[in-house]
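User: I would like to learn how to read some features of a protein model. Can we go through them one by one?

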Amino acid sequence: MAETTAHAAVHHAPPQGFIRKYIFSIDHKVIGIQYTTLSLVAAFIGMVLSWAMRIHLAWPNAHIPILGWLSPNGAPGGVMTPEYYLSLMTMHGTIMAFFVLTAAPMAGYGNFMLPIQVGAADMAFPRLNMASFWVTFIGFLLACATFFIPDGPPLSGWTAYAPLSAVGSVAGPGQGWGQNLWGLSIALFCVASLLGSLNFIVTTLDLRTKGMKLSRMALSTWAWFINAWVSLLAFAVLLPTCLLLVLDRLAGTSFFIPGGLVFNDQLQPHSGGSPLLFQHLFWFFGHPEVYIIILPAFGIVSHIMPTFIRKPLVGGWKVITFAEIAVGTLSFVVWGHHMFVSGMSPYMAMVFSVPTLFITIPSVIAVLVWVFSLYGANIRFDTPLLYSLGFISLFITGGIGGFFLAQPSTDSYLHATSFVVGHFHFTMGLSAIFATFAGFYYWFPKMFGRMLNEKLGKLHFWLSFIGVYCVFITMQLTGMTGAVRRYSALVDDFMVPLLPAYRFMTIAALLLGAAQLIFLYNAIWSRFKGPKAPDNPWGATTLEWDTTSPPPFDNFGGRQLIVYHGPMQYDGEKSEMQTSPAPSIAGT
Amino acid sequence: MDHSELAVAQDGAPVEVLRREHGVLMEVDPYRIDKKKLGMWIFIISDACTFAAFLFAYGYMRIGAPVWGTPFGLSSIVNGVVMTAVLLSSSLTMLAAVRAAQTDNKNSAKKWLGATMLLGAIFAALHLREWVRLIDEGWRLFYNPTGGAAQFGATFFSVTGLHLTHVVTGVIALAFVTRGYNQGRYDQGHVETAGLYWHFVDLVWMFVFPLMYLMNAH
């Protein structure tokens, strides 16, 4: 084997100026931190929006002074109108689904870790990478800008169903410029995601270091790689969907607006369009989107677990990876299950119901891999593992709700209730958030060179874990009684007795939010004052732990790594780096 | 930018290595595909999905419309056939340019690239002439002068507009590649990658022409 020698010491100097180093940086590590920070800010905004909604649901006449200041029309005197409730709901969904759940576990950690995990110095296209982040940033600013225009944010939900989203300001407050900005923001997000996915795929295929076969890649790299393919195909369809929506709104076309439609006593000058077409196009993106959110979580958890259970996952890299590939592939043929009650042909409902039930098979296989791997393991209950286990728990709980929703007969009853809201918060919202936290606690030492406080981490986990169950199990139960989603108040007689449950959820949600302050304090304090992190604090085996914390500009200080075996070389307390030539333990 | 150079292996033998963006050295993998080329393939896959979504919307609108209308007469079809011939020829000239660049025949490559750009520009001009004619006849994104479905204009202009944007972008990109190639900043790999894009745009037209023109001929 030819090891290159003296030449390797030659380096390009890293950029020195503040702007090139930290703002318009082409370094994947800086871009990863930028994405993570953006997501953290977005998550905070999204969480505050959910508080405002929950307070209104529990105490409909409560004054929230900041809302009155933010939108004199939407919340006169601080009491929100039903329309403004929908605006907050729309922006909560949009910000959380796109700018938090899609961005953090994939673009945030993926950018930072993927090139290091394959032994590369940077992404394949570093400038394109920088462009991805800044386009995302502009998209985020546009989404936030909707709060500050006179009409406020759109009220058509994060799914922006036509014709409500397509006819313009006549449809209600926020449906004028609010919805235009929304469309532009999401179109930009699509472009950024497409560029990012392209970069991830090319980096994984092209920049792997010597010996890094596909079969030896870190499981998180695998998940990001699979996920990049799913994003590449899904966002390529959301982009034209946004464009057609904008054409309907601004150029007078009727793709999504049927004839004879009356809004606010005004006959709309459109004919022949189809709201179902919008739903088909949107959900062709939208269903893969929930897997785009959850696949990186699969990867992060599969990557973290072997380190803390000190043994390989059951089935090695193959079973979990093929399960992820199956999930990613099947995610493109199940979109119609969002449309069982949309007026689609009942035969089509059957066609989409069957693959929806099938997709549970690889999901269950993944869950069984994680659970069975715990058997007989010498488990270290550090915070990253707690969050991984929390992820598994939430994913199972959410997944069980999925069985009822996958079948048209039960879905017809449950579809418009808060059962669905609880379901997707469990299965893709909070489980992805928990995996993101697992990744944060796991990789923080590598990203910032400091250790987080373990006691505060555990406290944060237990409060979050209990809080999440209090809020969302209650939400699913109220949904089973028929509590209608998207209502800003309990107006129907049968819903009024649910008020105590609603207040319980609101209080739990506020406490759950307050628990996040522990996380924020821990992260900020540890960033500056935490104990210095060693190179490999967890005794892990993948390449990111084979360099300093944080890694140098070129990731490995000019060393060329050679990989000899897969990532799961664990045997109790013993473990072997992927770069160690002669493994003394049998792993995969 | 990556480039390969010779280094000395531990046993003293020379070995070809790849110098990476940040100065890292790696052994050249004979199976590694050029990253620009791979990136272009990935882009093409994604862009194909975007076109597919537009064409799906067109099919959905068309099937759903009680009266669709087929406005294209002989002159439009002839115009379309000429456009198709022009675009197909431009794929051939692009092939010749890539072949010339691969054999380091720089002058010949530049000539063929020029011919490709010229054919692309002719295609765009013919296409715009068709658009102007339709607009003169009263077709709009939201209006059908023959009384059929208003979606005809919406789908025709958006699908062909998206394709036209790709052609114009392609011509501009080819101009940049030709300039860089002429100055020695770009190599034959860049020409080949630009060629991949160009053939893709050509291939898309092979779907757009029958679906948007031939199916709408009366």
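User: What span should the 13 residues of helix H10 of chain A have at 1.5 Å a residue, and how far apart are its end C-alpha atoms?

Analyst: This is a predicted model, where local features need pLDDT of at least 70, side-chain atom pairs count only at pLDDT 80 or more, and totals for chains, interfaces and linings use all residues. Residues are numbered from 1 along each chain as its sequence is written, while chains are lettered from A and ligands numbered from 1 in the order in which they are written. Helices (H or I, at least four residues) and strands (E, at least two) are DSSP runs, numbered from the N terminus. The expected span of a helix is 1.5 Å times one less than its number of residues. For H10 of chain A, residues 346-358, that gives 18 Å, and the end C-alpha atoms are 19 Å apart, which agrees.

User: Which residues of H10(A) are buried?

Analyst: A residue is buried if 20 or more other C-beta atoms lie within 10 Å of its own, exposed if 12 or fewer, and partly exposed in between, with C-beta atoms placed from the backbone. In H10(A), A:Ala349, A:Phe352 and A:Thr356 are buried. They cover an arc of only 75 degrees around the axis (taken from the directions from the helix axis to the C-beta atoms), so they are on the same side of H10(A).

User: Which helices do the buried residues of H10(A) pack against?

Analyst: They pack against helix H12 (383-406) and helix H13 (408-414) of chain A. Contact here is between residues whose C-beta atoms, placed from the backbone, lie within 7 Å.

User: At what angle do the axes of H3 and H4 of chain B cross?

Analyst: Two packed helices are described by the angle between their axes and the distance between the axes. Axes are lines fitted to C-alpha atoms, for helices over the stretch in contact, and angles run from 0 to 180 degrees between N-to-C directions. H3 (residues 106-136) and H4 (residues 151-183) of chain B cross at roughly 160 degrees, their axes coming within 10 Å. H3(B) and H4(B) are therefore roughly antiparallel (under 35 degrees counts as roughly parallel, over 145 as roughly antiparallel, 65 to 115 as roughly perpendicular and the rest as oblique).

User: Is A:Asn555 buried or exposed?

Analyst: A:Asn555 is buried, with 26 other C-beta atoms within 10 Å. Its phi is positive, about 80 degrees, although A:Asn555 is not a glycine. A:Asp265 also has a positive phi, near 65 degrees, but A:Asp265 is exposed, with 6 other C-beta atoms within 10 Å.

Key
Two residues are in contact if their C-beta atoms, placed from the backbone, lie within 7 Å.
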